[in-house]
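Biologist: I would like to learn how to read the features of a model like this. Where should we begin?

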Amino acid sequence: MLKVLKYPDDFLRKKAREVEDFKNPDLPRLVSDMVKTMEAEKGIGLAAPQVGSDLRICVVRVDDTVHTLINPKIKSSSRKKEIFEEGCLSFPGKFFPVERPIKVKIKARDLSGEKIKIKANGLLARVLQHEIDHLDGILVIDRAIK
Ligand code: NI
């Protein structure tokens, strides 16, 4: 289990760096610890900076499927947006209304470095956008509708 950093920890504001060495033996361990931590904390997404790693990695669990995304990038977003109350493990017990595109197409790498593409809508699209924000030091409060 990893410790989840809470706002206003400065590390949450750091821009994470791309994973370049997919042979790094610490990588699978980090991902599996992130998944365990996300599940233990009853979260549906967790980004590496939230557990003190500066790598561009996030894990998401929606509809009983765990997605591991390394170096994720949003390739396109729908024009249509919606507002939804978002929680975050770094803001325990709090929810913020955030407007985001309802559909996104994402490119990433998996743990072995293979390219993956995800077409997401609904909750999955929302969580992926939230987690990718974390990799750039962007937090839910920055996007919350005032
Ligand atoms: Ni979050």
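Modeller: With pockets. A pocket is an open set of grid points with protein on both sides within 12 Å along at least five of seven lines, and a volume is the space filled by probe spheres set on the points. This is a predicted model. Its largest pocket has a volume of about 350 Å³.

Biologist: How many residues line the largest pocket, and which lie nearest its centre?

Modeller: The lining has 22 residues, and those nearest the centre are Ile44, Glu86, Gly87, Cys88 and Leu89. Two elements, β4 and α2, give two or more residues each. Helix α2 supplies the largest share, six residues. By class, the lining of this pocket divides into nine nonpolar, seven polar and six charged residues.

Biologist: What is the volume of the second largest pocket, and what lines it?

Modeller: Its volume is about 210 Å³. Among the lining residues are Glu18, Ile70, Asn71, Lys73, Lys75, Lys107 and Arg109. Strands β3, β6 (103-109) and β7 (115-121) each supply at least two residues, and β3 has the largest share with four. Sorted by class, this lining holds three nonpolar, one polar and seven charged residues.

Biologist: How is a cavity read, as opposed to a pocket?

Modeller: In a cavity, the 1.4 Å probe fits but cannot get out. The structure holds one cavity of 30 Å³ or more, and the space in the largest cavity is about 30 Å³. Glu82, Pro101, Ile102, Gly122, Ala125 and Arg126 line the largest cavity. Helix α2 (residues 122-135) gives the most to that lining, three residues. The classes there are three nonpolar, one polar and two charged.

Biologist: Which protein atoms are the donors of the nickel ion?

Modeller: A metal site is read from the N, O and S atoms close enough to count, here within 2.8 Å of the metal. For the nickel ion, the protein donors are SG of Cys88, NE2 of His130 and NE2 of His134, at 2.0 to 2.2 Å. Cys88 is also among the residues nearest the centre of the largest pocket. Water is not among the atoms, so sites may look incomplete.

Biologist: What spacing do the donors follow along the chain?

Modeller: The spacing is C-x41-H-x3-H. The two histidines sit in helix α2 four residues apart, so about one helical turn separates His130 from His134. Both His130 and His134 are buried.

Biologist: How should I read aromatic pairs, and how many are there?

Modeller: Rings pair if their centres lie within 6.5 Å; planes under 30 degrees apart count as stacked and over 60 as edge-to-face. The count here is two pairs. Tyr7 and Phe91 are stacked, with 4.8 Å centre to centre and 20° between the planes. Tyr7 is in the segment before α1 (26-40) and Phe91 in the loop between β4 (81-86) and β5 (96-101), so this pair ties together parts that are 84 residues apart in sequence.

Biologist: Are these two rings buried or exposed?

Modeller: Buried means under 20% relative accessible area, and exposed means over 50%. Tyr7 has a relative accessible area of 40%, so Tyr7 is partly exposed. Phe91 is at 5%, so Phe91 counts as buried. The other pair is Phe91 with Phe96: their ring centres are 5.5 Å apart and their planes at 80°, so the pair is edge-to-face. Phe96 is buried, as is Phe91. Together, Tyr7, Phe91 and Phe96 form one aromatic cluster.

Biologist: Where is Ser78, and what does its side chain reach?

Modeller: Ser78 lies in the loop between β3 (65-77) and β4. Its relative accessible area is 19%, so Ser78 is buried. The side chain of Ser78 reaches the backbone oxygen of Lys80 at 2.9 Å.

Biologist: And how far apart are the C-alpha atoms of Lys3 and Thr37?

Modeller: A chain can bring together residues listed apart, so a C-alpha distance is read beside the sequence separation. Lys3 and Thr37 are 34 residues apart along the chain, and their C-alpha atoms are separated by 8.0 Å. Lys3 is found in the segment before α1. With a relative accessible area of 67%, Lys3 is exposed.

Notes. Residues are numbered from 1 along each chain as its sequence is written. This is a predicted model: local features need pLDDT of at least 70, side-chain atom pairs count only at pLDDT 80 or more; totals for chains, interfaces and linings use all residues. Side-chain values use heavy atoms; hydrogens and water are left out. On a 1 Å grid over the protein atoms alone, a cavity is a set of points where a 1.4 Å probe fits but cannot get out, and a pocket is an open set with protein on both sides within 12 Å along at least five of seven lines; lining residues have an atom within 4 Å of a point. Ala, Val, Leu, Ile, Met, Phe, Trp, Tyr, Cys and Pro count as nonpolar, Asp, Glu, Lys and Arg as charged, and the others, Gly among them, as polar. Donors are N, O and S atoms within 2.8 Å of the metal (3.2 Å for Na, K and Ca); water is not among the atoms, so sites may look incomplete. Buried means under 20% relative accessible area, exposed over 50%, partly exposed in between (1.4 Å probe, protein chains only). Rings of Phe, Tyr and Trp (its six-membered ring) pair if their centres lie within 6.5 Å; planes under 30 degrees apart count as stacked, over 60 as edge-to-face and the rest as tilted. A polar contact is a pair of N or O atoms within 3.5 Å; within protein, one must be able to donate a hydrogen and the other to accept it, and residues adjacent in sequence count only if both atoms are side-chain atoms.
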